[in-house]
Amino acid sequence: MSRLDQRDVESMVVESHRLKMTPQRRAIVDYLQSATHHPTADEVLKAVNEKFPMTSRATVYNTLNWLKGAGMVREVYEGGHVRFDPNTSNHHHFICRRCGRVEDIEYELIGNCQFDLLPGNQKVDIYEIILRGVCAPCQTINKQ
Ligand code: ZN
Ligand code: MN
């Protein structure tokens with residue numbers, strides 16, 4: 001499994017010779033690397049602003065784009081929102097229709113799909129599946 005790591009970002013910055021690691025950027029990476037809920041850019045901004053109240057939306061967006069370009073985070077599109085995922089390994093997602101929670105599902109947990117019969121004769125390398133339903137906490141709420 002490969003996951004966003006502050007140390008990898010630091011070495012990338014050193015190698016690039018043109019980017020600077022600011023406290024805000026560091027806070028963005030810190031927040032993202034421990035985030036398991038696939039935050040939106042606005043959620044990242046809100047979290048980083050608690051530590052650095054002067055962090056601009058542009059700083060957050062630029063940093064996210066830069067991490068994405070470097071393959072250190074990936075995007076998950078859901079309901080018109082872009083969410084950011086520090087887990088860059090192949091994996092699937094489960095999305096709760098009640099609370100919107102986006103959870104990782106291990107790639108291996110879903111059996112091989114049969115792609116031989118695709119009408120356009122496309123060659124599939126990887127695939128991402130979105131499972132939808134009700135997450136465990138929401139099921140508990142329903143029972144109360
Ligand atoms: Zn839920
Ligand atoms: Mn994910």
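The buried residues of helix 4 pack against three elements: helix 2 (23-34), helix 3 (41-51) and strand 2 (81-85). Keep in mind as you look around that this is a predicted model. Let's start with helix 4 and then turn to two of its neighbours.

**Helix 4 from end to end**
- Helix 4 covers residues 57-69, and at 1.5 Å a residue its 13 residues should span 18 Å.
- The C-alpha atoms at its two ends are 18 Å apart, so the expected span and the model agree.
- After helix 4 comes G71, a residue with a positive phi, near 70 degrees.

**The two faces of helix 4**
- Which residues of helix 4 are buried? They are V60, T63, L64 and L67.
- These residues cover an arc of only 100 degrees around the axis, which means that they sit on the same side of helix 4.
- On the face turned away from that buried side, you will find the exposed residues A58, N65 and G69.

**How helix 2 meets helix 3**
- Two packed helices are described by the angle between their axes and by the distance between those axes.
- For helix 2 and helix 3, the angle is about 125 degrees and the axes are 10 Å apart.
- Helix 2 is therefore oblique to helix 3, because an angle that is neither under 35, nor over 145, nor from 65 to 115 degrees counts as oblique.
- The crossing of helix 2 past helix 3 is right-handed.
- Helix 2 makes the contact with Q24, A27, I28, Y31 and L32, while helix 3 brings V44, A47, V48 and K51.

How values were computed:
Residues numbered from 1 in each chain as written. Chains lettered and ligands numbered in written order. Predicted model: local features only at pLDDT ≥ 70, side-chain atom pairs only at ≥ 80, totals over all residues. Helix = DSSP H or I, 4+ residues; strand = E, 2+ residues; numbered from the N terminus. Expected span 1.5 Å × (residues − 1). Buried ≥ 20, exposed ≤ 12 C-beta atoms within 10 Å, placed from the backbone. Arc of directions from axis to C-beta. Contact = placed C-beta atoms within 7 Å. Axes fitted to C-alpha atoms, helices over the stretch in contact; angles between N-to-C directions. Left-handed = near helix turned anticlockwise from the far one by under 90°.
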